[in-house]
Amino acid sequence: MSESIQLGDVLIAVTRKAVKHVYLSVHPPAGQVTLVAPTDTRLEVARAYAVTRLGWIRRQQAKLRAQARDTPRQYVERESHYLWGRRYLLSVVEADAKPTVQLDHRRITLRVRPGSTLAKRAEILSAWHRALLHAAVPVLIRQWEAKLGVTVNGYFLQRMKTKWGGCSYRTGSIRLNTELVRKPRDLLEYVVVHEMLHLLEPTHGERFVALLEQHYPSWREARAELNALPLAAERWTAG
């Protein structure tokens with residue numbers, strides 16, 4: 001049964017793990033709050049700790065709400081789109097042929113059939129984004145498998161609302177947010193390394209931080225940059 005702490009309008013999801021200390025986090029884009037506590041911690045103790053950090057929680061949530069957000073895309077001529085951290089103008093060409101996407105140094109050219117809907121244009125670009133990630137991610141995984149001494153049994157691309165990535169310690173697989181294709185390539189690498197390190201240490205405890213420091217010393221800067229970049233407009237529905 002899941003546990004939670006309610007402090008006024010702040011809801012905190014509580015997870016118990018084999019860690020030594022309590023870890024409180026505020027996650028983009030919506031400011032979801034999680035608290036990881038040692039397995040034997042009483043909920044009243046975790047609540048008392050969260051109360052002392054309530055001001056910090058509200059400040060972090062305010063920062064997230066103040067972040068720039070991409071407006072919903074309309075997939076029309078000269079609309080701005082981001083790829084690997086760079087801004088491109090979209091060029092839309094209607095032709096009675098198979099839809100394609102092409103990239104040059106200034107534009108993303110989207111070729112669609114006449115009368116194509118917004119949803120169809122979004123689907124075509126999304127498939128292109130996934131193809132770019134499928135080309136980039138295996139290279140990073142192979143590179144870091146050798147450095148970290150781990151094996152990734154599989155990876156999955158997924159549109160995620162509150163996380164940039166995830167790891168299944170038991171299956172040896174990682175998940176990556178498809179929005180990473182819009183961010184600088186080094187930030188994709190940071191997320192890949194972060195999730196791969198969870199194959200060595202499944203928690204976010206002291207050992208995990210030490211591993212990050214050892215293998216990716218600039219992780220704090222990468223995390224701050226990733227969370228400071230514009231957030232994608234949300235089109236998720238409950239389900």
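A residue counts as buried when its relative accessible area is under 20%, and as exposed when that area is over 50%. Keep those two cut-offs in mind as you explore this predicted model. Arg 182 makes a good first example: its relative accessibility is 18%, so Arg 182 counts as buried. Across the protein, 43% of the 239 residues count as buried.

**The protein as a whole**

- Six helices and 11 strands make up the list of elements to look for in the protein.
- Along the principal axes, the C-alpha atoms fill a box of roughly 65 × 45 × 30 Å.
- Take the contacts in the protein with a separation of 6 or more: 48% of them come from residues 24 or more positions apart.
- About 13500 Å² of the protein is exposed, and carbon and sulfur atoms supply 53% of that area.
- If you count charged side chains, you will find 37 positive and 22 negative ones. The centres of these two sets lie 2 Å apart.

**The largest pocket**

- Rolling a probe the size of a water molecule over the atoms shows where empty space is left.
- The largest pocket has a volume of about 1600 Å³.
- Its lining is made by 47 residues. Nearest the centre of the largest pocket are Ser 25, His 27, His 194, His 204 and Arg 223.
- Which helix gives the most to the lining of the largest pocket? That is helix 6, with seven residues.
- Several other elements each supply at least two residues of this lining, including strand 2 (10-17), strand 3 (23-27) and strand 4 (32-38). Helix 2 (54-66), helix 4 (185-197) and helix 5 (206-215) are also among them.

**Arg 182 and its surroundings**

- Arg 182 is found in the loop between strand 11 (173-177) and helix 4.
- Leaving aside neighbours within four places in sequence, Arg 182 is in contact with Tyr 82, Leu 83, Trp 84, Gly 85 and His 129.
- One of these partners, His 129, has its place in helix 3 (residues 118-148). His 129 has a relative accessible area of 11%, so it is buried.
- Beyond its neighbours within four places in sequence, His 129 is in contact with Leu 83, Val 181 and Arg 182.
- Glu 179 also sits in the loop between strand 11 and helix 4. Is Glu 179 buried or exposed? Its relative accessibility is 7%, so Glu 179 counts as buried.
- Glu 179 and Arg 130 are 49 residues apart in sequence, while their C-alpha atoms are 9.6 Å apart in space.

**Two residues with a positive phi**

- Most residues other than glycine have a negative phi.
- Arg 78 is not a glycine, yet its phi is positive, at about 65 degrees. You can find Arg 78 in the loop between helix 2 and strand 5 (80-83).
- With 59% relative accessibility, Arg 78 is over the 50% cut-off, and therefore it counts as exposed.
- Trp 84 is another residue other than glycine with a positive phi, near 50 degrees. Trp 84 lies in the loop between strand 5 and strand 6 (86-94).
- The relative accessibility of Trp 84 is 14%, so this residue counts as buried. You have already met Trp 84 as one of the contacts of Arg 182.

Conventions: Residues numbered from 1 in each chain as written. Predicted model: local features only at pLDDT ≥ 70, side-chain atom pairs only at ≥ 80, totals over all residues. Heavy atoms only, no water. Helix = DSSP H or I, 4+ residues; strand = E, 2+ residues; numbered from the N terminus. Buried < 20%, exposed > 50% of the residue type's maximum accessible area, 1.4 Å probe, protein only. Contact = heavy atoms within 4.5 Å. Areas by Shrake-Rupley, 256 points an atom, 1.4 Å probe, with all protein chains shown as cover. Lys, Arg positive; Asp, Glu negative; His and termini not counted. Charge placed at Lys NZ, Arg CZ, Asp CG, Glu CD. 1 Å grid on protein atoms, 1.4 Å probe; cavity = no way out; pocket = protein on both sides within 12 Å on 5 of 7 lines; lining within 4 Å. Points joined across faces, edges and corners; volume = space filled by probe spheres on them.
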